[in-house]
Amino acid sequence: MELTFLTPLAVMFAVSALLPLGVYWFRQRRAGRIRSAVGLEEPSRRSRAPLVGAIAAVPVLLGIAAGQPVLGTERTVPERTDAEAFFVIDSSRSMLAADGPERATRFDRAVEAASTIHDRIPQVRSGIVSMTDRLLPHVLPTTDRRVFETTLRRSIGVELPPPAFTYSTVATYYDILAGIPQRRYFSPTATKRVLVVLTDGESRQFGAELGRAFPGKPPIQTVLVRFGNAGERIYSTGEAESYVPAKNSEATMQRVSDLMGGRTFSEDDVSAAGDAVAEIIGEGATSDRKIPGARVALMPWVTLAAFLPLGLLLWRRNRA
């Protein structure tokens with residue numbers, strides 16, 4: 001656990017405690033001279049301690065509160081130093097297709113599959129990319145599962161963002177995957193590189209760029225998972241739209257796999273796909289990485305605590 005102050009200079013307000021303490025000391029000296037003159041006994045230090053403590057505590061606590069203290073936690077996780085993975089999720093409109101209005105869409109099933117496969121390689125830095133006719137990285141490779149899951153379930157969605165251009169038919173363009181090796185998505189230290197592509201196998205004409213980009217050095221090992229069947233339709237309004245699934249999606253996925261030198265699985269074989277990813281990653285050296293955890297703002301509680309000594313002062317004054 002670690003305590004930090006968001007506005008540390010504001011803590012200097014606590015120094016103002018010297019002012020009421022100085023006033024109290026001056027008044028006690030004067031009262032002491034009067035008691036000495038009339039022959040009264042001096043009160044003990046023990047009886048004065050609560051009052052002195054309360055006088056000092058109010059500005060000190062308010063000064064600490066003004067500094068906005070935050071208590072943070074962190075955890076240490078083992079992280080592979082030689083491996084990285086990217087999960088590419090098709091976010092084109094066809095991924096809205098489902099077996100019925102109340103059934104899970106292809107996109108929903110792809111998200112669940114990505115989570116399942118990712119759990120097989122928790123020590124590997126993993127990133128998330130959405131794909132239509134362009135690639136958009138949503139999170140760079142990380143071993144923080146909370147970041148991965150939050151991004152997976154809250155930051156991506158069908159046509160979020162939409163394709164770069166408007167299409168009357170299919171928006172997905174598999175040649176865009178060539179941008180991953182070309183734009184150096186993987187870090188230079190990652191000698192084991194895994195690309196997990198979750199899509200429905202529907203794409204515009206492709207081949208030229210994809211064939212030239214894979215494989216490279218170090219090679220990018222690819223695992224593709226296809227979602228969908230011929231009976232699915234899009235029910236965004238509750239009624240089936242005119243969309244009809246492509247009949248050649250399996251052949252398309254096989255061609256993508258051949259060009260990328262990868263392996264293809266159906267959505268019914270997500271477990272096998274996870275096995276393939278884990279097999280590619282294999283064993284390797286790890287290092288400890290500290291991941292920030294929850295952060296708790298203490299300012300409200302410290303401010304409330306200042307009311308305790310303040311209440312004591314008011315009680316002493318009214319009692320006197």
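**Stop 1: the sheet of 6 strands**

Select the six strands of the open sheet in this predicted model. Going across the sheet, their order is β6-β5-β3-β7-β8-β10, and the pairing is mixed. Colour β6 (135-142) and β10 (263-266) separately: these are the edge strands, and each of them pairs on one side only. From one strand to the next, the twist averages 15°.

Now keep just β3 and β5 in view. Strand β3 covers residues 83-90 and strand β5 covers residues 125-131. The two run parallel and are joined by 7 bridges. To find one of these places, select D90 and look for its bridge partner in β5, which is M131.

**Stop 2: the helix across the sheet**

Add helix α8, residues 270-281, to the view. Which strands does α8 lie across? They are β3, β7 (192-199), β8 (220-226) and β10. Show α8 with β8 and compare their directions: the helix runs at about 175° to that strand.

**Stop 3: α3 against α8**

Leave α8 shown and select α3, residues 106-118. The axes of α3 and α8 cross at roughly 40° and come within 9 Å. The two helices are therefore oblique to each other. The crossing of α3 with α8 is right-handed. Show side chains for A113, T116 and I117 of α3, then for V270, A273, G274 and V277 of α8; these residues make the contact. Sorted by class, the contact has 5 nonpolar residues, 2 polar residues and no charged residues.

**Stop 4: α3 against α4**

Hide α8, keep α3, and select α4, residues 145-155. Here the packing angle is about 165°, with the axes 10 Å apart. That angle makes α3 and α4 roughly antiparallel. Their crossing is right-handed.

Which residues of α3 and α4 meet? On the α3 side, select V111, E112, A114, S115 and H118. On the α4 side, select R145, F148, E149, L152 and R153. Colour them by class, and the contact divides into 4 nonpolar, 2 polar and 4 charged residues.

**Stop 5: a cis peptide bond**

Stay with α4 and move on to the loop between α4 and α5, where P161 is found. Zoom in on the peptide bond from L160 to P161. Is this bond cis or trans? The bond is cis, with omega near 5°. For background, most peptide bonds are trans.

**Stop 6: an aromatic pair**

The structure has 4 aromatic pairs. One of them is F86 with Y185; select both rings. Two values describe such a pair: the distance of the centres and the angle of the planes. For F86 and Y185, the centres are 5.5 Å apart and the planes are 70° apart, an edge-to-face arrangement. Trace the chain from each ring: F86 is in strand β3, whereas Y185 is in the loop between α5 (179-182) and β7. The pair links distant parts of the chain, with the two positions 99 residues apart in numbering.

**Stop 7: α1 against α2**

Select helix α1, residues 18-38, and helix α2, residues 45-66. What is the angle at which they pack? The angle is about 150°, and the axes are 9 Å apart. The cut-off for roughly antiparallel is over 145 degrees, so α1 and α2 are roughly antiparallel to each other. They cross in a right-handed way.

For the contact itself, show P20, L21, Y24, Q28 and R35 in α1, and R48, L51, V52, I55 and A56 in α2. By class, these comprise 7 nonpolar, 1 polar and 2 charged residues.

**Stop 8: Q68**

Follow the chain past α2 into the loop that leads to β2 (69-80), and select Q68 there. Its phi is near 55°, a positive value in a residue that is not glycine. In general, most residues other than glycine have a negative phi.

**Stop 9: the sheet of 3 strands**

End with the other open sheet, whose strands are in the order β1-β2-β11 with antiparallel pairing. Its edge strands are β1 (2-5) and β11 (286-297), each pairing on one side only. On average, neighbouring strands in this sheet are turned by 35° against each other, direction ignored.

How many bridges join β1 to β2? There are 4, and the two strands run antiparallel. As a last selection, pick T4 and its bridge partner in β2, V70.

Methods:
Residues numbered from 1 in each chain as written. Predicted model: local features only at pLDDT ≥ 70, side-chain atom pairs only at ≥ 80, totals over all residues. Heavy atoms only, no water. Pairing = 2+ DSSP bridges. Axes fitted to C-alpha atoms, helices over the stretch in contact; angles between N-to-C directions. Contact = heavy atoms within 4.5 Å. Parallel < 35°, antiparallel > 145°, perpendicular 65-115°, else oblique. Left-handed = near helix turned anticlockwise from the far one by under 90°. Nonpolar A, V, L, I, M, F, W, Y, C, P; charged D, E, K, R; others polar. Phe/Tyr/Trp six-rings, centres within 6.5 Å; stacked < 30°, edge-to-face > 60°.
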